[in-house]
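Colleague: Please choose a single part of this model and examine it closely. I should be grateful if you would set that part in the context of the whole chain and then follow it outward to its surroundings.

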Amino acid sequence: MPLQIDEGEILERTMHDVRRAVRARVFGTVQGVSYRVWARREAERLGVTGWVRNEGDGSVTALIAGTDTAVDAMIDRLWQGPRGALVSAVETEEVAEDAPADFSIVA
């Protein structure tokens, strides 16, 4: 079950958090429901950087970088998705990959 953290709490806690990067793979009904646009909007709200893209198998992959608190919150939100999405699984792995300065949708 995802941890519920409000945006104000995230902004307050991020001042002291350690930065990290995670690659997440989201499975279920996540293509054709504006999942990537939704993910970019959520990432901007949380202050994380990275990218999101559709995969050939119908899943979505995202690189999420930021503070521990913000990254955890984004992973929780990936489970929710936009209206019309039905997320069945979210797999994550810590990565040592540099993230871009913003959050973008890539092909």
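**A helix pair and its surroundings**

Modeller: The protein has an accessible surface of about 5,900 Å², and carbon and sulfur atoms account for 48% of it. The model is predicted, and the values that follow should be read with that in mind. The chain has 107 residues, of which 42% count as buried. Its secondary structure consists of 3 helices and 5 strands, arranged along the sequence in the pattern α-β-α-β-β-α-β-β. Contacts over long stretches of sequence are well represented: among those between residues at least 6 apart, 81% join residues at least 24 apart.

The part I have chosen is the packing of two helices. Helix α2 spans residues 35-46 and helix α3 spans residues 68-80. Their axes lie 10 Å apart and form an angle of about 155°. Because angles over 145 degrees count as roughly antiparallel, α2 is described as roughly antiparallel to α3. The crossing of α2 past α3 is right-handed. On the α2 side, the contact is made by Tyr35, Trp38, Ala39, Glu42, Ala43 and Leu46. Helix α3 contributes Ala70, Ala73, Met74, Arg77 and Leu78. By class, this contact comprises 9 nonpolar residues, 2 charged residues and no polar residue. The charged pair consists of Glu42 from α2 and Arg77 from α3.

Just ahead of α2 in the sequence is serine 34, which belongs to the loop between β1 (19-29) and α2. Serine 34 has a phi near 65°, a positive value in a residue that is not glycine.

From α3 one can turn to strand β1 by way of isoleucine 75, a residue of that helix. Isoleucine 75 has a relative accessible area of 12%, and it is therefore classed as buried, the limit being under 20%. Beyond its neighbours within four places in sequence, isoleucine 75 is in contact with Arg20, Val22, Ile64 and Thr92. Isoleucine 75 and alanine 24 are separated by 51 residues in sequence, yet their C-alpha atoms are 7.6 Å apart.

Two residues of β1 show further partners of that strand. Arginine 25 lies in β1 and, at 27% relative accessibility, counts as partly exposed. With neighbours up to four places away set aside, arginine 25 is in contact with Glu55, Asp57, Ser59, Val60, Thr61, Ala89, Val90 and Glu91. For arginine 25 and glutamate 55, 30 residues apart along the chain, the C-alpha separation is 9.3 Å. Threonine 29, also found in β1, has a relative accessible area of 39%. That value places threonine 29 in the partly exposed class, since the class covers what lies between the buried limit of 20% and the exposed limit of 50%. Outside its neighbours within four places, threonine 29 is in contact with Gly84, Ala85 and Leu86. The C-alpha atoms of threonine 29 and valine 60 are 9.6 Å apart, with these positions 31 residues apart in sequence numbering.

The contact of arginine 25 with Ser59 leads to the last site. Serine 59 is located in the loop between β2 (49-54) and β3 (60-67). Although in a loop, serine 59 is buried, at 1% relative accessibility. Apart from residues up to four places away, serine 59 touches Arg25, Val26, Phe27, Val30, Gln31, Arg53 and Asn54. Serine 59 and valine 90 are 31 residues apart in sequence, and their C-alpha atoms are 9.7 Å apart in space.

To summarise, α2 and α3 pack in a roughly antiparallel manner through a contact with 9 nonpolar residues. From α3, isoleucine 75 reaches Arg20 and Val22, and arginine 25 of β1 is in turn in contact with Ser59.

Definitions and conventions: Residues are numbered from 1 along each chain as its sequence is written. This is a predicted model: local features need pLDDT of at least 70, side-chain atom pairs count only at pLDDT 80 or more; totals for chains, interfaces and linings use all residues. Side-chain values use heavy atoms; hydrogens and water are left out. Helices (H or I, at least four residues) and strands (E, at least two) are DSSP runs, numbered from the N terminus. Buried means under 20% relative accessible area, exposed over 50%, partly exposed in between (1.4 Å probe, protein chains only). Contact means heavy atoms within 4.5 Å. Accessible areas come from the Shrake-Rupley method with a 1.4 Å probe; for residues, only the protein chains shown count as cover. Axes are lines fitted to C-alpha atoms, for helices over the stretch in contact, and angles run from 0 to 180 degrees between N-to-C directions. Angles under 35 degrees count as roughly parallel, over 145 as roughly antiparallel, 65 to 115 as roughly perpendicular and the rest as oblique. A crossing is left-handed if the near helix is turned anticlockwise from the far one by less than a right angle, and right-handed if clockwise.
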